[in-house]
Amino acid sequence: MAKVWVFAETTPEGEVDPAALEILTKAREIGDAEAVVLGPGATKAAEKLGEFGAATVYASDDEVYGDYVAQPATHALHSLIEEHSPDLVLFAMAYDSRDVAGRLSAKLGSTLMSNATDLIDENTARTAVFGGATLVDVKLEGSPKLVIFRPKSFEAAPSGGSADVVEVSVDIPDDLKKAKRVERHIEEATGPRLDQAPVVISGGRGLQEPGNFELLDQLAAAIGNAAVGGTRAVVDAGWVPYSYQIGQTGITVKPSVYLAIGISGATQHIVGMKGAKKIIAINKDEEAPIFQLADLGIVGDALKILPQLIEEVKTRKG
Ligand SMILES: Cc1cc2nc3c(=O)[nH]c(=O)nc-3n(C[C@H](O)[C@H](O)[C@H](O)COP(=O)(O)OP(=O)(O)OC[C@H]3O[C@@H](n4cnc5c(N)ncnc54)[C@H](O)[C@@H]3O)c2cc1C
């Protein structure tokens, strides 16, 4: 069996990045899954990683991994790889993980495959090109093989297991303590996270002006447990922050219901939401490409439909 490692990010409170749990679920299908988690919160995070299938978790709560960007973590991961020789090391497409993966690739001389959407076997990973229209299987090379996955590539499922936690103690040379993390900012959110919400209401340029996003907030509040997102067009226009952006250069969502409001359905947007179970689109142009994907299409002016929809949801919810 291949030894498959997952590099997991954690918060200082020990909350594991959900994408690491998704990848771990896949890792245990391919081989013997183990995880590495570095930085404050790691020991607590190890418990969760065990529940999702890591038989062994290499963990260190050392603050050096939280205080300094990437270099200490790369050094420690490299030492662990030399000692334990995993066949694969899998990463989520998160900022720190990408940074560590790139540096590790340079140190090991292993090829790093990024933007993967599936792992077929220990030697092959899959990615999507041309805005998701074509799937390509890529033969992985090097030892270990390094792969970065898009979020939501797999569904996280607990295995019911528990991990042996091995404490990592690697000396970090001073010359690797260069880029210091000076501040940690937690974005205030009132509803569920966009990538976790069961209902996503997403707005595009068809909303005409930034103030009309308020209608999406009202609809989300009326439905409950819903989050609001948007297209790159409205992010670029400064209507909503980048954290709202869904698509190729934003985040990937897979909610039960996705409402696309005033969105044309460009391939770069679709690649980030086509995994939704049901897609509802409102667009005044009946030829809009989004209708080819939608389970329910409403042709009309979103600014007229939204207030009625909000009232209807409120009435039905009593
Ligand atoms: C490299 C690259 C990466 C990209 N990454 C992303 C990405 O991650 N995410 C992303 O979203 N885009 C991305 N894009 C941009 C993408 O190509 C599209 O330009 C963008 O998705 C369009 O956004 P939109 O649907 O809001 O705007 P438009 O394409 O302008 O569509 C607006 C729609 O609103 C409809 N409309 C107008 N008025 C109304 C009304 N009153 N009521 C109802 N409907 C109305 C129109 O009929 C139209 O269909 C990327 C592009 C490139 C080149």
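**Figure 1. Strand β11 and its neighbours.** Strand β11 (residues 226–230) is mostly covered, with 5 of its 5 residues buried (a residue is buried if 20 or more other C-beta atoms, placed from the backbone, lie within 10 Å of its own, exposed if 12 or fewer, and partly exposed in between). The model is predicted, so local features are described at pLDDT of at least 70 and side-chain atom pairs only at pLDDT 80 or more, whereas totals for chains, interfaces and linings use all residues. Residues are numbered from 1 along each chain as its sequence is written. Strands (E, at least two residues) and helices (H or I, at least four residues) are DSSP runs, numbered from the N terminus. In a regular strand the side chains alternate between the two faces of the sheet. Both faces of β11 are covered, as Ala226, Val228 and Gly230 on one side and Ala227 and Gly229 on the other are all buried. Strand β10 (residues 199–203) runs parallel to β11 and is joined to it by 5 bridges, with Ser202 standing opposite Gly229 in β11.

**Figure 2. The open sheet that contains β11.** In this sheet 5 strands follow the order β11-β10-β12-β13-β14, and the pairing is parallel (two strands pair if DSSP finds at least two bridges between them). The edge strands, each pairing on one side only, are β11 and β14 (296–299). From one strand to the next the twist averages 15° (axes are lines fitted to C-alpha atoms, for helices over the stretch in contact, and angles run from 0 to 180 degrees between N-to-C directions). Helix α6 packs on the sheet, where it touches β10, β11 and β12, and its direction makes about 155° with that of β11 (residues are in contact if their C-beta atoms, placed from the backbone, lie within 7 Å). Together, β10, helix α6 (residues 213–223) and β11 make a right-handed β-α-β unit (with the strands pointing away from the viewer, the path from the first strand over the helix to the second runs clockwise). Strand β12 (residues 257–261) pairs with β13 in the parallel sense over 5 bridges, and Leu259 stands opposite Ile280 in β13.

**Figure 3. Strand β1 within its sheet.** Because 5 of the 7 residues of strand β1 (residues 2–8) are buried, the strand is largely enclosed by the rest of the structure. β1 pairs in the parallel sense with strand β2 (residues 31–38) over 7 bridges, and Lys3 stands opposite Asp32 in β2. β1 also pairs in the parallel sense with strand β4 (residues 88–92), over 4 bridges, with Phe7 opposite Phe91 in β4. A right-handed β-α-β unit is made by β1, helix α1 (residues 18–30) and β2.

**Figure 4. The open sheet of 9 strands and its helices.** The strand order is β7-β6-β5-β8-β4-β1-β2-β3-β9, with mixed pairing. β7 (134–139) and β9 (164–167) are the edge strands, each pairing on one side only. The twist averages 35° from one strand to the next. Helix α2 (residues 42–51) packs on the sheet and touches β1, β2, β3 (56–60) and β9, its direction making about 165° with that of β3. Helix α5 (residues 95–108) lies across β1, β4, β5 (112–121) and β8 (145–149), running at about 160° to β8.

**Figure 5. The shell around the ligand.** Of the 28 residues around the ligand, Gly204, Gly206, Arg232, Gly247 and His269 come nearest (a residue is near a molecule if its C-beta atom, placed from the backbone, lies within 6 Å of it). Two or more residues each are given to the shell by α7 (232–236), α8 (267–270), β13 (278–283) and α10 (302–317), and the largest share, 3 residues, comes from α7.

How values were computed: Two residues are in contact if their C-beta atoms, placed from the backbone, lie within 7 Å.
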